[in-house]
Amino acid sequence: MVDDKVRLGIIGLGTQGSMYAQFIERRGLVPNMKVTAIADTDPDKASVAAEYGVPFFPDYQSLLDSGEVDAVVTTVPHYLHPEIGIAALRAGIHALVEKPAGVYTKQVKELNDFAATRPELTFGIMFNQRNNPLYQRIKEIVDSGELGTIRRTNWIITTWWRPQGYYDQSEWRATWGGEGGGVLVNQAPHQLDLWQWICGVPKSVYAKVAYGFRRDIAVEDEVTAVVDYGDGATGTFTTATHDLVGTDRFEILADRGKIVVDRSKIATVTRLVKDEQDISANLSTDEVRNLFKGQLKTSELYTEETIDLSSAWGSQHAGVLENFAANILDGTPLLAPGSDGINGVRLANAIHLSSWLGQEVPMDFDEDLYLTELNRRIRDEGKFEER
């Protein structure tokens, strides 16, 4: 520690790593943290480290061995998050991994299991949307039980438009061996996390997934998944990278109300005066007649609240970094414990596996089968080593 600040090493100085360096050192958004080292396999990044006045290392292990850091953030390709996370924790260094926690559950389990052996160290994941005040409030409402049991959820998130040039800029991008998937592992992990964080982990999933549907890529660019929560409750998740206009709409229907989130900015919360089935069973003949005439006052059935809790760009990521440092310094509870990262990876894996097998897949699917199917696709690409 330096002046009660956590000394952070950034491993991987790409877009995300550079953004975090700026948040901490140039914009002062993380007052309890200081960047003290940078590692990247690209030697040209050494000049950036020099600009920040910190040592540069050509690989993550040399940074971990340097004694220059108390903690690291892993802004590297998805497959490397578990490997580097384990290496950091083994070296006695706190670890914040980027999303997703990994590509397949088996490797993420190894990370979580190792982290459990080092409880004295802080292990977090960059789920910055959990720091979004709007989604925090929605989770509070759902967790309070005031709306009753969830009966259906729907999330359409197609605001991930990516042109072909985006995929053509790197050989590893949008490949099974280099990236581990498409929209589910690159763009949508935050929504997969929020979906299960707020609504609960489903029991099974059936998915229709298109690979290279509207882009010249091997991985998925269009996904429609139906999940089963049990007791008749269901959910759908739709995402794509070819919708130029894009939609972001999240709905939660429960026994005593409904939440609709539009563009991840504004939520409308409808609270029924009592359970929907009670309302249905106890409307009089006259009230039913007035309902269909449009003469029944909706205020007699429900109330509506609009929630508009916007946050400045960058504040959510910076908030996770600050919270991570606070946990190290004084034990402040983590917004996003690293062990939670497996939930979104498991859901993405189940969606892939369901589409590959053409059948409904339980959330406790055969992890070896998933890895076998993934390696088959990596092998067909002929560019990368199997996992």
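How many cavities of 30 Å³ or more does the count come to? The count comes to four. The structure on display is a predicted model, and this tour visits its largest cavity after passing through two sets of strands, a helix and a tryptophan.

**First stop: the six-stranded sheet**

Select strands S1 to S6. They form an open sheet in the order S3-S2-S1-S4-S5-S6, and the pairing is parallel. At the edges stand strand S3 (56-57) and strand S6 (123-125); each has a single partner strand, so one side of each is left without a neighbour in the sheet.

Next, display S1 together with S4. These two strands pair in the parallel sense over four bridges. Within this pair, Ile11 stands opposite Thr74 in S4. Helix H4 packs on the sheet, where it touches S1, S4 and S5, and its direction makes about 165 degrees with that of S5.

**Second stop: helix H4**

Now select residues 80-90, which make up helix H4. Is this helix largely enclosed or largely open? Eight of its 11 residues are buried, so the helix is largely enclosed by the rest of the structure. The residues to colour as buried are His81, Pro82, Ile84, Gly85, Ile86, Ala87, Ala88 and Leu89.

To see what covers these buried residues, add strand S1 (6-11), strand S4 (71-74) and strand S5 (94-97), and then helix H3 (60-64) and helix H5 (105-116), all of which are included in the cover. Just after H4, move to Gly92, which takes a positive phi of about 80 degrees.

**Third stop: strands S12, S13 and S14**

Select residues 257-262, strand S12, and residues 266-272, strand S13; the two run antiparallel and are joined by six bridges. Together S12 and S13 form a hairpin with three residues between them. Arg263, in the turn, has a positive phi of about 60 degrees. Beside the turn, Asp262 has Ile266 in S13 as its bridge partner.

Extend the selection to residues 302-308, strand S14. Seven bridges join S13 to S14, and these strands also run antiparallel. A pair to label here is Val269 and its bridge partner in S14, Glu305.

**Fourth stop: Trp160**

Centre the view on Trp160, which is found in the loop between strand S7 (150-157) and helix H7 (164-168). Its relative accessible area is 16%, and Trp160 is therefore buried, since the cut-off is under 20%.

Which residues are in contact with Trp160, leaving aside its neighbours within four places in sequence? They are Val183, Gln187, Ala188, Gln191, Thr239, Ala240 and Thr241. Select Asp248 as well: Asp248 and Trp160 are 88 residues apart along the chain, and their C-alpha atoms are separated by 9.7 Å.

**Last stop: the largest cavity**

The tour ends at the largest cavity, which holds about 80 Å³ of space. Its lining consists of 13 residues, and those lying nearest its centre are Pro100, Leu184, Pro189, Gly344 and Val345. The elements that give two or more residues to this lining are helix H8 (189-199) and helix H12 (341-357).

Which element gives the most to the lining of the largest cavity? Helix H12 does, with five residues. Colouring the lining by residue type shows nine nonpolar and four polar residues, and no charged ones.

Notes
Residues are numbered from 1 along each chain as its sequence is written. This is a predicted model: local features need pLDDT of at least 70, side-chain atom pairs count only at pLDDT 80 or more; totals for chains, interfaces and linings use all residues. Side-chain values use heavy atoms; hydrogens and water are left out. Buried means under 20% relative accessible area, exposed over 50%, partly exposed in between (1.4 Å probe, protein chains only). Contact means heavy atoms within 4.5 Å. Two strands pair if DSSP finds at least two bridges between them. Axes are lines fitted to C-alpha atoms, for helices over the stretch in contact, and angles run from 0 to 180 degrees between N-to-C directions. On a 1 Å grid over the protein atoms alone, a cavity is a set of points where a 1.4 Å probe fits but cannot get out, and a pocket is an open set with protein on both sides within 12 Å along at least five of seven lines; lining residues have an atom within 4 Å of a point. Grid points are joined across faces, edges and corners, and a volume is the space filled by probe spheres set on the points. Ala, Val, Leu, Ile, Met, Phe, Trp, Tyr, Cys and Pro count as nonpolar, Asp, Glu, Lys and Arg as charged, and the others, Gly among them, as polar.
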